[in-house]
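Take a moment to turn the structure shown below, and follow the description part by part.

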Amino acid sequence: MNTFGENIKLTVFGQSHAACIGAVIDGLPAGTPIDMEYIDNIMKLRAPGQSRLATKRKEPDKVEFISGVVDRKTVGASVCAVIYNSDTHSSDYSNLLNKPRPSHADYPAMIRYGKNYDLRGGGQFSGRLTAPLCIAGAIALYLLEKKGIFIASHVLSVGKISDVPFSPTDDECELLKNLSQMSFAVIDSEVKEKMSEEILEASKRLDSVGGVIECKVIGLPAGVGEPMFGGMENAISKIIFGIPAVKGIEFGAGFEGSKMYGSQYNDSYYYDNDGKIRTYTNNTGGICGGMTTGMPLIFRAAVKPTPSIASVQKTVDLSKNENTEIQINGRHDPCIAVRACTVVRAAAAFAVLDMLCAQNDINNILK
Ligand SMILES: Cc1cc2nc3c(=O)[nH]c(=O)nc-3n(C[C@H](O)[C@H](O)[C@H](O)COP(=O)(O)O)c2cc1C
């Protein structure tokens, strides 16, 4: 099953080199606005081919709604959006049929699906499948913004080079709006240069590099979420782990918080000048008991280095049952975290919208 959501359901379909990839969204009420300009803008931020830091594949990611939308509004039927694949080089993968690429899905997928597995371009495990996720996320972002809920993400680190983190307690509304327009989103523009050099150096060495993406949601009321398995952390983690190459997630102080004492960690409450309840610190990342506290919701996702590297690597030849080596051709992102930044933002939006709908009639969210 490849479906996310309890109240609004998203199914992503397709493979990297299939005729198309797409998203089916069920549960959006009739009349939900579909703003094509807004969606295209998000798609452009994720699309490759914009800088020398990304794969040279040209994927314009033109979105077509083939059902459920008339005159830029949903009509209550399942919404289906597709992107036709155009720039596929299937021959790049012919030498891989019996040689699983290290840290790709090839080996477990070959065991699971046998000869029926489509490994061209990573098949259904490709980062390309995050484009439909961005369509759904863009619809959610648009609806949330109308409700005063803003979401932004930035590349917190590339290898060992770090950007300034988000303020855990301040909303930073303007900063979030600025970051949302950047294809390589960082808070400190000088850090961007250093990160770019690190990525290009890795690429020159026929290598790749990982990174961390930080995401912040502001404007959420307190009390959104369900206990135990239905918590906000659960929903966000589930959708974020749906993004290929994400290997870790932490909320608020995360793993560092485990090194603190309770007296250091606890987020003490106070009334601000407007009489609103806030906390002096935000080590919980805006979530307690699976529910939002009304403080900014902050999480970080760890993205592994791109598995496709151009240097020679060890693998096995499944047709000969022997050890061998492999050299991967093709056009790859030397650092996935840069393009995945928009995907994390979009995915978080879809999870947050789904959680909001758990306790609100979705029609209220549209008002
Ligand atoms: C936006 C995005 C772009 C990606 N581009 C590439 C790429 O160019 N080359 C590559 O080997 N992996 C790329 N990946 C990652 C692989 O799809 C992924 O690591 C692989 O399928 C194994 O899945 P896993 O890392 O989730 O275990 C990309 C991922 C994302 C989110």
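**The ligand and its surroundings**

In this model, which is predicted, a polar backbone atom of G127 lies 3.3 Å from an oxygen atom of the ligand. Side chains take part in such polar contacts as well: an N or O atom in the side chain of K304 is 2.7 Å from an oxygen atom of the ligand, while an N or O atom in the side chain of H332 is 2.9 Å from a nitrogen atom of the ligand. Taken alone, the ligand would expose 630 Å², and the protein buries 88% of that area.

Looking at the whole shell, you can find 18 residues that surround the ligand, and the closest of them are F125, K304, S308, H332 and D333. When the residues of this shell are sorted by character, 8 are polar, 6 are nonpolar and 4 are charged.

**How the helices pack**

Turn now to helix α3, which spans residues 130-146. The axis of α3 comes within 9 Å of the axis of helix α1, made of residues 36-46, and the two axes cross at roughly 135°. Because angles over 145 degrees would be needed to count as roughly antiparallel, α1 and α3 are described as oblique to each other, and their crossing is right-handed.

Helix α3 also packs with helix α9, residues 336-359, and here the axes are 7 Å apart at an angle of about 55°. That angle makes α3 oblique to α9, whereas the handedness of the crossing between α3 and α9 is left-handed.

Methods: Residues numbered from 1 in each chain as written. Predicted model: local features only at pLDDT ≥ 70, side-chain atom pairs only at ≥ 80, totals over all residues. Heavy atoms only, no water. Near = heavy atom within 4 Å. Polar contact = N/O pair within 3.5 Å; in protein donor to acceptor, adjacent residues only side chain to side chain. Areas by Shrake-Rupley, 256 points an atom, 1.4 Å probe, with all protein chains shown as cover. Nonpolar A, V, L, I, M, F, W, Y, C, P; charged D, E, K, R; others polar. Axes fitted to C-alpha atoms, helices over the stretch in contact; angles between N-to-C directions. Helix = DSSP H or I, 4+ residues; strand = E, 2+ residues; numbered from the N terminus. Parallel < 35°, antiparallel > 145°, perpendicular 65-115°, else oblique. Left-handed = near helix turned anticlockwise from the far one by under 90°.
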